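Please examine the model shown here with attention to its packing and its internal voids. The report that follows is intended for a reader who works with computed structures.

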Amino acid sequence: MTHASDEPTTLSPARTRFALLALALGGFGIGSTEFVAMGLLPNIAADLLPGTYAASPDAANATAGWIISAYALGVVVGAPTIAAVAARWPRRRLLLALVAAFTVGTIASALLPSFELVLVARFLSALPHGAYFGIASLVAASLMGPGKRARGVALVLSGLTIANVIGVPAITWLGQAAGWRIAYLAVAAIFALTFVAVLAAVPWQPGDPDASVRRELGAFTRPQVWFAIAIGAIGFGGFFAMYSYIAPLATEVTGLAAAAVPLVLVSTGLGMTVGNLVGGRLADWSVRRTMYGAFVALALSLALLALTAQWAVGLFAGAFLIGATSSALAPTIQTRLMDVARDSQSIAAALNHSALNVGNSLGALLGGTVIAAGFGYVAPIWVGLVLTFAGIALALASFALDRSRQRRGHAVPYATGATPAID
C-alpha cells in the first residue's frame, strides 16, 4: 500500500536540510514547553500554591505536578482529534496553524494569575502537540524518501531531545533567575520563530485527498493499534515517573543545590538525543528487537538510579541512561503504529504522542501519589520500574499476536512498512 507520505518531495539537499531543521525547531519548542515544568516545579508550586507550599513543600510539589498531567491530557485529546479532522489539509498550512496555537497557549500559560487558570492553559496549549509531531513526521518521511521513515521521525523528534540538552536547562536557569513566567514567555518566542521558519522552509505538500474522519478513526478498530498505544502509554510512563520529579530528587535526595538542576537536565537531554537517533536507525532495521532491547535497558537504568541517587555520579549517570533508553523507544513505537494502522497514517503518526503523554500523565500522577503518601522522592523511580515491566509484557503479547497470525498465513507488518497489517 502506498501513502502520500511515502512519495518523496524533490528538493535540493540544502533546502531539504533547512526544511528538516524548521520541523525540528518546532520539536525544540514543544520539548521546551513540555519539560520545563519539571525543572521549575518547586518554583511554580511556591508561586501558585503559596499556602500549601508554606505548610508542606512536598504536598505543594505533588499538587503542582498536575500541571504536567494537564499538559499530557491535552496531548492525548488533541492528537487524534486534530489528526482525524485535518488530515486533508495541506500540510504546511496545518503546521503553521498548530504552531500559532502553541504560541498563543504558551503566552496564556505565562500570564494567567491562578493555579486553576494555568492548569487550563496548559491543557489547551497541549492540544496541537501530537498533531504537530504526526504531520511533521509525515512531511519528514516524504523529504527523506523510502526506507527511512523511522529516521525521518527521529529527526523531527531530535528537536525535542535537543531541547532537553539546551532549551530546558537554559530556560530552567532563566526561570530560576527571573521567574517561571519569564521562562514560558521565552518558550513562546521559540514558537514564534518556528512559525517563520516553517513558512520559509517547508515546501507545500497536499494533505491526503482520500482521508476522512471515518477512515482515520478506523485505526481504533485494530487490536494491534491498541497494543502499540498501550505499550507507549504504560511502558513510557516509567520515564515520566522519574523525570517529573527530577528537581526535588536532585535537591532533596542527592543534596545538590538548585543551581545544579539544569545540569541534571542536560545529562538527561544528552541521553535522550543519543537514544532517539540510535533508536531511529535501529527501528528501520527491526522494530521488535529495538523495542525489546530498549525496554530491558530502561528497566536496568531505572534500577541503577534508584539504588545510586544519593550520590551525584549515580544521579547524573542514571539520568543520562534513562534518557537514552526511553528515547530509543519513541521512534520505535511510532514506526510500529504506522505499520499496524494501515491507511490511517495521519492519526497513527499522531497517536504515538497521545500514547507517550498518557505515560507522561500516568507517571506524574503515580509519582506524585507515592510522594504525597510519604515514601520520598526515590519512590517514583520504583513506580517507573513497575510501569516499564508492564510495557515489556505488552510488547511480548503484541509480537506474539503477530507470530500467531503469521502461522495462520496472515500478513504481518515489520519496520520496513512494506506489508500492511491484517488484523
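The text below treats the overall fold, the nonpolar cores, two individual residues, and the empty spaces.

**Overall character**

The model is predicted. Its chain contains 20 helices and 0 strands. Of the 423 residues of the chain, 59% count as buried. When contacts between residues at least 6 apart in sequence are considered, 83% of them join residues at least 24 apart. The exposed area of the chain is about 15,000 Å², and carbon and sulfur atoms supply 71% of that area.

**Nonpolar cores**

The largest nonpolar core has 117 residues, of which L23, F35, Y132, F239, M242, Y243 and M291 touch the most other members. Helix α1 gives the most to this core, with 10 residues. For L23, the contacts beyond four places in sequence are L95, Y132, A136, V139, A140, V156 and V202. Apart from the largest core lies another core of 5 residues, including A241, A379, V383 and L387.

**Two buried residues**

Which residues does A24 touch, not counting those up to four places away in sequence? They are L155, V156, S158 and G159. A24 is found in helix α1. The C-alpha atoms of A24 and S158 are separated by 6.4 Å, although the two residues are 134 residues apart along the chain. A24 has a relative accessible area of 11%, and because this value is under the 20% cut-off, A24 is classed as buried.

T388 lies in helix α20, which spans residues 379-407. Its relative accessibility is 0%, and T388 therefore counts as buried. With residues up to four places away in sequence set aside, T388 touches G235, G238, F295, L298, A299 and L302.

**Cavities and pockets**

Rolling a probe the size of a water molecule over the atoms shows where empty space is left. In this model the count comes to 5 cavities of 30 Å³ or more. The largest cavity has a volume of about 160 Å³. It is lined by 16 residues, and those closest to its centre are F35, L160, F236, A330 and L356. F35 is also among the residues that touch the most other members of the largest nonpolar core. Two or more lining residues of the largest cavity come from each of α1 (13-39), α9 (149-178), α13 (237-243), α15 (261-285) and α19 (345-372).

The second largest pocket has a volume of about 200 Å³. Among its 15 lining residues, P42, Y53, P248, T251 and E252 are the closest to its centre. The helices α2 (41-48), α4 (57-64) and α14 (246-253) each supply at least two residues of this lining. The largest share, 4 residues, comes from α14.

The table gives the composition of the two linings by residue class.

| Space | Nonpolar | Polar | Charged |
|---|---|---|---|
| Largest cavity | 9 residues | 6 residues | 1 residue |
| Second largest pocket | 8 residues | 5 residues | 2 residues |

**Summary**

Helix α1 recurs in this account: it gives the most residues to the largest nonpolar core, it contains A24, and it contributes two or more residues to the lining of the largest cavity. Helix α14, in turn, provides the largest share of the lining of the second largest pocket.

Notes
Residues are numbered from 1 along each chain as its sequence is written. This is a predicted model: local features need pLDDT of at least 70, side-chain atom pairs count only at pLDDT 80 or more; totals for chains, interfaces and linings use all residues. Side-chain values use heavy atoms; hydrogens and water are left out. On a 1 Å grid over the protein atoms alone, a cavity is a set of points where a 1.4 Å probe fits but cannot get out, and a pocket is an open set with protein on both sides within 12 Å along at least five of seven lines; lining residues have an atom within 4 Å of a point. Grid points are joined across faces, edges and corners, and a volume is the space filled by probe spheres set on the points. Ala, Val, Leu, Ile, Met, Phe, Trp, Tyr, Cys and Pro count as nonpolar, Asp, Glu, Lys and Arg as charged, and the others, Gly among them, as polar. A nonpolar core is a set of buried Ala, Val, Leu, Ile, Met, Phe, Trp, Tyr and Cys residues joined through side-chain atoms within 4.5 Å. Buried means under 20% relative accessible area, exposed over 50%, partly exposed in between (1.4 Å probe, protein chains only). Contact means heavy atoms within 4.5 Å. Accessible areas come from the Shrake-Rupley method with a 1.4 Å probe; for residues, only the protein chains shown count as cover.
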